[in-house]
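I opened this one to sort out two things: the surroundings of the ligand and the layout of the sheet. My notes follow the order in which I looked.

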Amino acid sequence: MKSEIKKLAADVKKFLKSHEEDDLFLKAAAPAAAPKHTPAQTAAPAKSVAPAAREPEEFHTLESIAKQISSCQRCALGATRIKAVPGEGNPKARLMFVGEGPGYEEDRQGRPFVGKAGQLLDKIIAAMGFKREEVFIANMVKCHPMIDPQNPEKRGNDRAPVPDEIALCRGYVERQIDAVGPDYIVALGGVAAKSLIRDAKSLTQIRGKIYDLELSSVQLAKPVKILATFHPAALLRNPGWKKDTWADLKVLLADMGRTPPKSA
Ligand code: SF4
């Protein structure tokens, strides 16, 4: 009898835990409210807000988030990935970069931004006066979106994640932002920019301005600023946009009170 009661208690605990997790994602997947973001330069000073009632702490460590991602099958991308790509970097980074999703190389290595676009991102980070290991790098979705999922060995098979995939996955990146607690985020490309800034305008219209970040599933314990610029993959296709990207990043560096190295 005792053992049956123990088993019942364990089942209830397990159910409640999975329910808490589902609830977290339902909140994250909820349709975005009307954009509340105004450029931070013109917005009223952001107040420090107390964290909302939080799910158990173990949901909020980078290690536990990565563990959940590694076994996640919430969207169809989970079925075709080779490796999930949670993100990596300084767990207490002041600066975080968020792209759209893993590509061919990232899928194989399980690390973000390790292909050609990643090499360019490394140069951008260095030009800003940081080392890659000083920042945290992640994506909106954690598994490789493919044009032809039946053909994972094909090169040039990458695509941007669709809104449903982003909605199902965004709880992870939001909890990563909460766990790292950066002061600044750079959204790389239109997908990350429009998902995080949730502004209906195009990347061209929102890039190069600093916004106050608000998340769907997590109430931030302190203000975080976000700036959008071009994705490094777009810069490889359009090298002429590099100077625009650098102009955007200089806005961020000035706000951070940093002067880029003279060699930049
Ligand atoms: S992309 Fe995100 S939601 Fe979809 S399976 Fe991978 S980790 Fe899960």
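**Ligand site**

I started with the ligand, which sits in the largest cavity. This is a predicted model, so I am reading positions, not experiment.

Next I listed the residues around the ligand. From the earlier part of the chain I noted Cys72, Arg74, Cys75, Leu77, Gly78 and Arg81. Further along, the list goes on with Lys142, Cys143, Leu168, Cys169 and Tyr172.

Which elements give two or more residues to this shell? I found helix 3 (77-80) and helix 6. Helix 6 provides the largest share, three residues.

I also sorted the shell by character: seven residues are nonpolar, three are charged and one is polar.

**Sheet**

Then I turned to the strands. I traced an open sheet of six strands with mixed pairing, in the order 1-3-2-4-6-5. At its edges I have strand 1 (88-89) and strand 5 (210-212), each of which pairs on one side only.

In which sense do strand 2 and strand 4 pair? They are parallel, with four bridges between residues 95-99 and residues 184-188. Within this pair, I see Met96 of strand 2 opposite Ile185 in strand 4.

**Helix 6 again**

Last, I went back to helix 6, residues 163-180, to see what it packs across. It lies across strand 2, strand 3 (136-139) and strand 4. Against strand 3, I noted an angle of about 165°. So my closing entry is that helix 6 lies across those three strands and also gives three residues to the ligand shell.

Methods
Residues are numbered from 1 along each chain as its sequence is written. This is a predicted model: local features need pLDDT of at least 70, side-chain atom pairs count only at pLDDT 80 or more; totals for chains, interfaces and linings use all residues. Side-chain values use heavy atoms; hydrogens and water are left out. Two strands pair if DSSP finds at least two bridges between them. Contact means heavy atoms within 4.5 Å. Axes are lines fitted to C-alpha atoms, for helices over the stretch in contact, and angles run from 0 to 180 degrees between N-to-C directions. A residue is near a molecule or strand if one of its heavy atoms lies within 4 Å of it. On a 1 Å grid over the protein atoms alone, a cavity is a set of points where a 1.4 Å probe fits but cannot get out, and a pocket is an open set with protein on both sides within 12 Å along at least five of seven lines; lining residues have an atom within 4 Å of a point. A molecule sits in a cavity or pocket if more than half of its atoms lie within 2 Å of its grid points. Ala, Val, Leu, Ile, Met, Phe, Trp, Tyr, Cys and Pro count as nonpolar, Asp, Glu, Lys and Arg as charged, and the others, Gly among them, as polar.
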